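Subject: Structure handover

Hello,

Here is the structure for you to look over. My notes follow below it.

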Amino acid sequence: YSPIPAVSWSNFSVESYLRTTNTSPGFAYLSMFSRFRDVGNYYEYRLSPYDTANLKVSILRKDGGTWTALTNAVFSGVISNTTHQCKLVAVTNNNGAVYLEAYYACELKVSYYDNDINALRVPGTIGFLSREADMAVDSVATKGLDIQRFGNWSTNTPGTYSNAGWVVTGG
C-alpha cells in the first residue's frame, strides 16, 4: 500500500497512468484507491488480465477488512508493456449513495451506486497497489468534484424541482 498522507477528501476523482513491464503468470493486478482511510477501508479501481487478450476493470469496496466486488467489465487489451490511463470517480450523491465510475483510456467502463449500509461515506485519500507486478505511476491528478447524479426522485411529473441546491425546471 502506498497511500498519500491523510487528507479529508470526499468527492473527487483520481486519475493516473499505470504501467507494468513484468507480471507473474498468477493473479497480477494494478490498483488505485479512493476514500482510503487505512488498509481495511477504501474503494479500489483494479485493472487485471482477464485472459491473454483481455483486461478486466473492477470496482471493489473494502470495509472493515471485508471485500465486496461491486462491478466489473472486460475489454480487449494486455496488462504488460502497456501504459494504462485509469480514472476512478467517487462522489456522494443527493440520496446518500456513493456513486462510482471507472474509466480506462478516457472511456467509461463501469459505474455503480453503492447504497449499501457499508458504503464508504467518509472522506479519505488516494493510494496505489500492485500485486505480482512491478508498477510505474505517472501524472497523478486528483480533482474535487461537485457532481449531482439525479436518481431516486420521488416523482416523474413535469414541473420544477430542487434537490441539494440543484433546480430542474420543466423536467
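How many aromatic pairs does the count come to? The count comes to 7 aromatic pairs. Please keep in mind that this is a predicted model.

Aromatic rings

One of the pairs is Phe-27 with Tyr-29. Their centres are 5.4 Å apart, and the planes meet at 70°. That makes the pair edge-to-face, because planes over 60 degrees apart count that way. The two residues fall into separate burial classes by accessibility. Phe-27 has 41% relative accessibility, so it counts as partly exposed. Tyr-29 has 8%, so it counts as buried.

Phe-36 and Tyr-42 are a stacked pair. Here the ring centres lie 5.5 Å apart. The planes are at 20°, and under 30 degrees counts as stacked. Phe-36 is buried, at 8% relative accessibility. Tyr-42 is buried too, at 0%. Ring pairs also join Phe-36 and Tyr-42 with Phe-33 and Trp-67 in a cluster.

Charges over rings

Which ring does the charged end of Lys-109 sit over? It is the ring of Phe-75, with the charged end 4.3 Å from the ring centre. Lys-87 has its charged end over the ring of Tyr-103, at 5.2 Å from the centre.

The sheet

There is an open sheet of 5 strands. The order is S5-S4-S3-S2-S9, and the pairing is antiparallel. Strand S5 (66–76) and strand S9 (125–131) are the edges, each pairing on one side only. On average, neighbouring strands are turned by 20° against each other, direction ignored.

Take the S5 edge. Strand S4 covers residues 54–63. S4 and S5 pair in the antiparallel sense over 10 bridges. Asn-54 stands opposite Ser-76 in S5.

Ser-31

Ser-31 belongs to strand S2, residues 29–38. Is Ser-31 buried or exposed? Its relative accessible area is 0%, so Ser-31 is buried. Buried means under 20%, and Ser-31 meets that cut-off.

The side chain of Ser-31 makes a polar contact with the side chain of Glu-44, at 2.3 Å. Glu-44 is also on the contact list of Ser-31, which leaves aside neighbours within four places in sequence. Tyr-45 and Arg-46 are on that list as well. So are Gly-127, Phe-128 and Leu-129. Met-135 completes it.

Best wishes

Conventions:
Residues are numbered from 1 along each chain as its sequence is written. This is a predicted model: local features need pLDDT of at least 70, side-chain atom pairs count only at pLDDT 80 or more; totals for chains, interfaces and linings use all residues. Side-chain values use heavy atoms; hydrogens and water are left out. Rings of Phe, Tyr and Trp (its six-membered ring) pair if their centres lie within 6.5 Å; planes under 30 degrees apart count as stacked, over 60 as edge-to-face and the rest as tilted. Buried means under 20% relative accessible area, exposed over 50%, partly exposed in between (1.4 Å probe, protein chains only). A charge sits over a ring if NZ of Lys or CZ of Arg is within 6 Å of the ring centre and within 35 degrees of the ring normal. Two strands pair if DSSP finds at least two bridges between them. Helices (H or I, at least four residues) and strands (E, at least two) are DSSP runs, numbered from the N terminus. Axes are lines fitted to C-alpha atoms, for helices over the stretch in contact, and angles run from 0 to 180 degrees between N-to-C directions. A polar contact is a pair of N or O atoms within 3.5 Å; within protein, one must be able to donate a hydrogen and the other to accept it, and residues adjacent in sequence count only if both atoms are side-chain atoms. Contact means heavy atoms within 4.5 Å.
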